[in-house]
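Colleague: Could you take me through the side-chain contacts and surface features of this structure, one question at a time?

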Amino acid sequence: MAAGRLPPGALTLKQFLRRQQVLQLYRKILRAIREVPAEQDRRYLKDWAREEFKRNKDATEEDAVRMMITQGNMQLQELQRTLKLAKS
């Protein structure tokens, strides 16, 4: 393999970094869901998060992926705000 050539299927640096962002968001969402007091709600939210990420796993268009990350972060913040209010 010549220098500078990537094997087939290898991610570019940009794709790799975006993938890391998505995985980090997924982990943060799952950690926040652990704080939900009701078991049934936790299960529902965990299934919802898993399905959303699974449904969009093949998205490759840069703008669409960025938009989904932004939406996911907003939903995470909303969940965290709701949990904070429930504790007070």
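**Salt bridges and a surface patch**

Modeller: Glu 39 is partly exposed, with 42% relative accessibility, and I should say at the outset that this is a predicted model.

Colleague: Which residue does the side chain of Glu 39 meet in a salt bridge?

Modeller: The partner is found in helix α2, three residues apart from Glu 39, so the two are separated by about one helical turn. The N to O distance of the pair is 2.4 Å, and the partner of Glu 39 is Arg 42.

Colleague: Is Arg 42 buried, exposed or partly exposed?

Modeller: Buried would require under 20% relative accessible area and exposed over 50%. Because the relative accessibility of Arg 42 is 23%, the residue counts as partly exposed.

Colleague: Which residues are joined into one network by salt bridges that share partners?

Modeller: A search of the whole structure finds nine salt bridges. Among them is the one in which the side chains of Glu 62 and Arg 18 meet, at 2.4 Å from N to O. This pair links distant parts of the chain, with Glu 62 in helix α3 (residues 62-87) and Arg 18 in helix α1, 44 residues apart. Through shared partners, the residues joined into one network are Arg 18, Glu 62, Asp 63 and Arg 66.

Colleague: Of Glu 62 and Arg 18, which one counts as buried?

Modeller: The cut-off for buried is under 20% relative accessible area. Glu 62, at 25% relative accessibility, counts as partly exposed, whereas a value of 17% lies on the buried side and belongs to Arg 18.

Colleague: How many residues apart in sequence are the parts tied together by Lys 87 and Glu 35?

Modeller: Lys 87 forms a salt bridge with Glu 35, and their closest N and O atoms are 3.4 Å apart. Lys 87 lies in helix α3 and Glu 35 in the loop between α1 and α2 (39-55), so the parts that this pair ties together are separated in sequence by 52 residues.

Colleague: How do Lys 87 and Glu 35 count, as buried, partly exposed or exposed?

Modeller: Glu 35 has a relative accessible area of 44% and is therefore partly exposed. Lys 87, with 61% relative accessibility, counts as exposed.

Colleague: What accessible area do the residues of the nonpolar surface patch have together?

Modeller: The patch is formed by Leu 11, Leu 13, Phe 16 and Leu 17. Of these, Leu 17 is found in helix α1 (residues 13-33), and its relative accessibility of 47% makes Leu 17 partly exposed. Together the four patch residues have an accessible area of about 400 Å².

Key:
Residues numbered from 1 in each chain as written. Predicted model: local features only at pLDDT ≥ 70, side-chain atom pairs only at ≥ 80, totals over all residues. Heavy atoms only, no water. Patch = residues over 30% accessible without salt bridge, like charges linked within 9 Å, V, L, I, M, F, W, Y side chains within 5 Å. Areas by Shrake-Rupley, 256 points an atom, 1.4 Å probe, with all protein chains shown as cover. Helix = DSSP H or I, 4+ residues; strand = E, 2+ residues; numbered from the N terminus. Buried < 20%, exposed > 50% of the residue type's maximum accessible area, 1.4 Å probe, protein only.
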